[in-house]
Amino acid sequence: MSRRLVDTLGRVVTNLRISVTDRCNFRCSYCMPEEGMEWLKRNQLLTYEEITRLARIFASLSIYKIRLTGGEPLMRKELWQLVAMLKKIDGIRDIALTTNGYFLAEQAQRLADSGLDRINISLDSLDPLLFADLTRRDYFRRTWEGIEAAEKAGIHPIKLNVVLVRGVNDGEILNFAELARKRPYVIRFIEFMPIGKDDGWVLDKVVSTREILQTINSYRPLVPLPHVNGKAPADRYMFADGKGEIGFISSVSQPFCGDCDRVRVTSDGKFRTCLFSLTETDLRAMLRGGTSDEEIAEALVNAVSKKEEGHLINRPEFIRPERTMSQIGG
Ligand code: SAM
Ligand code: SF4
């Protein structure tokens, strides 16, 4: 039987998140500080060829889904070329992108033509002023144009990622619920997680899935939908009248670690078996040090066998990773 990435709990890893850059043109307050970020140098980032070689090795194990992320992945030059390279790999069936949307107005069509299957666009407010407050950039209009460009390019589904922070944008819940009904966008509420140094996270600021569900249900009733492939992470709902889909990623209030099928490679080529990992495997050193594909595959199998059982956010022994979300790849 061919080798697979499987851990001691029997979880088979099928889903790879690849960060292509740690840089970003936004400064979302829950993700990174306004100033003082130190960026990786160009030669520290994996090249598209290195990423493709790694993806081929992952695909020879059990990975069939890839998501490109960052930092802001579309800040990397001609990202559609990487999409096209990954698309040619045998066994890769699904390529997705998570982006802040800023560059989509000019790039959505080329990404679609290169084979991008799905897209998640972050949008934390429908109010341009609040959006500017949250992202520390006055880019609402461009982001919105980017979302419409993705729709026009035929990328489907389009999911809008919304992170609510209590006292900041928790008044936006029903605006997003209405948007899900009016436009062909799936709304994904993601609970605010403690990650990185200056994210300002305290449990009180997390707006839980339960609260959001209550707010939406008292406006219009929702009915649950089945999990995609029978598994978390997202709990999905639609409105009882059949209009609009809303999903919830309840990483803090109801962790889905037992079902976790994902691993990550950072833009500097470090392999992480959990978003909250405290250890990493240096794949870049292997790629550049003459290590064979077979030896890299062996290292991946070994690392996954030690995949963390789950994150410890709600426990006193929780240790926040040093890297910000943008440096790991959200
Ligand atoms: N720049 C792209 C974007 O914003 O979509 C991709 C990278 S970003 C780190 C990926 C996702 O992580 C975004 O949807 C963002 O909202 C989410 N994110 C960042 N920091 C977070 C935090 N502390 N808790 C929950 N989600 C977070
Ligand atoms: Fe940039 Fe995305 Fe982080 Fe916002 S969430 S600062 S857009 S990487």
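In which loop is Glu78 placed? The close-ups below are taken from a predicted model.

**View 1. Glu78 in the loop between β2 and α2.** Glu78 has its place in the loop between β2 and α2. Its phi is near 45°, a positive value in a residue other than glycine. With a relative accessibility of 34%, Glu78 counts as partly exposed.

**View 2. The buried residues of helix α3.** Helix α3 spans residues 104–113, and Leu104, Gln107, Ala108, Leu111 and Ala112 are its buried residues. They lie on the same side of α3, because the arc they cover around the axis is only 140°. An α-helix has 3.6 residues a turn, so residues three or four places apart point the same way. The packing partners of the buried residues of α3 are α2 (79–87), β3 (94–99), β4 (118–122) and α5 (140–152). Just after α3 comes Gly115, with a positive phi of about 110°.

**View 3. Helix α4 and the residues at its two ends.** In α4, which runs over residues 128–135, Leu130, Phe131, Ala132, Leu134 and Thr135 are buried. The buried residues of α4 pack against α5. At the start of the helix, a side-chain oxygen of Asp127 comes to within 2.9 Å of the backbone nitrogen of Leu129. Arg136 follows α4 and is found in the loop between α4 and α5. Phi of Arg136 is near 60°, again a positive value in a residue other than glycine. Arg136 is partly exposed, its relative accessible area being 27%.

**View 4. Leu61, buried in a loop.** The loop that holds Leu61 lies between α1 (48–60) and β2 (65–69). Leu61 counts as buried because its relative accessibility is 9%, where the cut-off is under 20%. Which residues does Leu61 contact, leaving aside its neighbours within four places in sequence? They are Arg3, Arg4, Leu5, Ala297, Leu300 and Val301. Val6 is 55 residues from Leu61 along the chain, and their C-alpha atoms are separated by 9.5 Å.

**View 5. The aromatic pairs of Phe189.** The count of aromatic pairs comes to 13. One of them is formed by Phe176 and Phe189, an edge-to-face pair with 6.4 Å from centre to centre and 85° between the planes. Phe176 belongs to helix α6 (residues 173–182) and Phe189 to strand β6 (residues 185–190), so this pair ties together parts that are 13 residues apart in sequence. Phe176 and Phe189 are both buried. Phe189 also pairs with Phe248: the ring centres are 5.8 Å apart and the planes stand at 20°, so this pair is stacked. The stacked pair links distant parts of the chain, with Phe189 in β6 and Phe248 in strand β9 (residues 245–249), 59 residues apart. The relative accessibility of Phe189 is 2%, so Phe189 counts as buried. Phe248 is buried too, with a relative accessible area of 0%.

**View 6. A cluster of aromatic rings.** Which residues do ring pairs link into a cluster? The members are Phe26, Tyr102, Phe103, Phe131, Tyr139, Phe140, Trp144 and Tyr185. Phe131 is also one of the buried residues of α4, and Phe26 is among the residues around ligand 2.

**View 7. The surroundings of ligand 2.** Around ligand 2 are Cys24, Phe26, Cys28, Cys31, Met32, Gly71, Asn100 and Ser326. By class, this shell has five nonpolar residues, three polar residues and no charged ones. The side chain of Ser326 is joined to that of Thr324 by a polar contact of 2.8 Å. Thr324 lies in the loop between α9 (293–305) and α10 (325–328). Thr324 counts as buried because its relative accessibility is 4%.

**View 8. The cis peptide bond before Pro157.** His156 and Pro157 are joined by a cis peptide bond, with omega at about 0°. Pro157 is found in the loop between α5 and β5 (158–163).

How values were computed
Residues are numbered from 1 along each chain as its sequence is written. Chains are lettered from A and ligands numbered from 1 in the order in which they are written. This is a predicted model: local features need pLDDT of at least 70, side-chain atom pairs count only at pLDDT 80 or more; totals for chains, interfaces and linings use all residues. Side-chain values use heavy atoms; hydrogens and water are left out. Buried means under 20% relative accessible area, exposed over 50%, partly exposed in between (1.4 Å probe, protein chains only). Helices (H or I, at least four residues) and strands (E, at least two) are DSSP runs, numbered from the N terminus. The arc is that of the directions from the helix axis to the C-beta atoms. Contact means heavy atoms within 4.5 Å. A residue is near a molecule or strand if one of its heavy atoms lies within 4 Å of it. Ala, Val, Leu, Ile, Met, Phe, Trp, Tyr, Cys and Pro count as nonpolar, Asp, Glu, Lys and Arg as charged, and the others, Gly among them, as polar. A polar contact is a pair of N or O atoms within 3.5 Å; within protein, one must be able to donate a hydrogen and the other to accept it, and residues adjacent in sequence count only if both atoms are side-chain atoms. Rings of Phe, Tyr and Trp (its six-membered ring) pair if their centres lie within 6.5 Å; planes under 30 degrees apart count as stacked, over 60 as edge-to-face and the rest as tilted.
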